[in-house]
Amino acid sequence: MDIFILGNDIPSNISNSDWAGFIGSYVGGIATIVAVVITIWHTTKENNERMIQAGLENRENRRKSIKPFLETRCSYINEPTNMKENDRIFIFKDKMCCRVRSNFEQNDIDVMNTLSVPYMFCYKIINAGAGNAVNMLVMINGFAERLVVLQGETVNLYMLMDSPNVQLDIKLDYWDIESIGHYQQIDNISLQGENRGYAFKKGDILQIL
C-alpha cells in the first residue's frame, strides 16, 4: 500500500490518511464477506452431518423394530406328525441332500414309525423376533431352498436320511421385511443314528453390512 498508493507520484485530491482509511475499510469488508462465507459453509456442513447421522440412527432404530430372530432346534422324529404348508422334506443320499419335497409320502410315515434305517430328523426354525424373515436361503450341505418365516411362525425342515451318521451344515441367510437388515446364521449338527443321538452346535446370528 505504501509503495503503490501512498508513495507514488500521481496527484490525488485526498490525503494519504483518507486513502489508508478507504483501503482499510475495503479490505475489512472483503474479510467480513470471506468470514461469512466460511461460517455459512461450516454451518451447512455440520447440519448435513447431523442430518446424515440422524438418518442413520432412524434407520438403525427401524431395523431393530422389525428384526427377525430365528431360534433353531432339532430332534429325531419317532412318530407321524402333521406337515404344514411351509414345511419341507430334504431327501439325503450318501450323506448329501439331493432333492426337496413339500409333502409327506407313505414311505415317510413308515420311516417315522421305525427305528431302523432310514432315519427322519427335524430341524425347526422359530421366528421369535419383531418381524418377518424374508428372502431366506436355507443351505443344507450346499443344497439350497428358499423360504419365508413369518413373525411367530415355526417351520419344520424334515430330513430323510439313508445313513445313520451324517454331518449337517445348515446356513440361514435372510433379510427383514424392508430389506434394511441382512443376517446369517450357521448351525452344525452331527447325527449318530444308531442310538438316535446328535450333537447340535448353534451358530451366532451375524449382521451382514
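1. Start with Asp87. In this predicted model, Asp87 sits in the loop between β1 (70-76) and β2 (88-93). Is Asp87 buried or exposed? Its relative accessibility is 0%, so Asp87 counts as buried, the cut-off for that label being under 20%.

2. What does the side chain of Asp87 reach in there? One partner is the backbone nitrogen of Lys84, at 2.8 Å. Another is the backbone nitrogen of Asn156, which lies 2.9 Å from a polar atom of the Asp87 side chain. If you set aside neighbours within four places in sequence, Asp87 is in contact with Asn82, Ser102, Thr154, Val155, Asn156 and Tyr158. Asn156 therefore turns up twice, as a backbone partner of the Asp87 side chain and in the contact list, where contact means heavy atoms within 4.5 Å.

3. Next, Asn141, in the loop between β5 and β6. With 15% relative accessibility, Asn141 counts as buried, because the label applies under 20%. Its phi is near 50°, a positive value in a residue other than glycine. Have a look at that backbone when you have the model open.

4. Which backbone atom does the side chain of Asn141 reach? The backbone oxygen of Lys95, at 3.5 Å. Not counting residues up to four places away in sequence, Asn141 touches Phe92, Lys95, Met96, Gln167, Leu168 and Asp169.

5. Lys95 deserves its own point. You'll find Lys95 in the loop between β2 and β3 (96-101). Phi of Lys95 is near 70°, again positive in a residue other than glycine. So the polar contact of point 4 joins two residues that each have a positive phi: Asn141 and Lys95, with the side chain of the former reaching the backbone oxygen of the latter. Lys95 has 40% relative accessibility, so Lys95 counts as partly exposed.

6. On to the rings. A search of the whole structure finds seven aromatic pairs. One of them is Phe90 with Phe143, an edge-to-face pair at 6.3 Å centre to centre, with 90° between the planes. This pair links distant parts of the chain: Phe90 is in strand β2 and Phe143 in strand β6 (residues 143-149), 53 residues apart. Phe90 is buried, with a relative accessible area of 0%. Elsewhere, ring pairs link Tyr76, Tyr119, Phe121 and Tyr198 into a cluster.

7. A smaller item: Thr114, in the loop between α3 (106-112) and β4 (119-127). Where does Thr114 stand relative to Glu79? The two are 35 residues apart in sequence and 8.2 Å apart in space, C-alpha to C-alpha. Thr114 is partly exposed, with a relative accessible area of 24%.

8. Last, confidence. The mean pLDDT of the chain is 88, and 93% of its residues reach 70 or more. Among the elements of the chain, strand β5 (residues 133-140) has the highest mean pLDDT, 96, and helix α1 (residues 2-6) the lowest, 65. Where pLDDT is low, the predicted coordinates should not be read in detail.

Technical notes. Residues are numbered from 1 along each chain as its sequence is written. This is a predicted model: local features need pLDDT of at least 70, side-chain atom pairs count only at pLDDT 80 or more; totals for chains, interfaces and linings use all residues. Side-chain values use heavy atoms; hydrogens and water are left out. Helices (H or I, at least four residues) and strands (E, at least two) are DSSP runs, numbered from the N terminus. Buried means under 20% relative accessible area, exposed over 50%, partly exposed in between (1.4 Å probe, protein chains only). A polar contact is a pair of N or O atoms within 3.5 Å; within protein, one must be able to donate a hydrogen and the other to accept it, and residues adjacent in sequence count only if both atoms are side-chain atoms. pLDDT is the predictor's confidence in each residue, from 0 to 100. Rings of Phe, Tyr and Trp (its six-membered ring) pair if their centres lie within 6.5 Å; planes under 30 degrees apart count as stacked, over 60 as edge-to-face and the rest as tilted.
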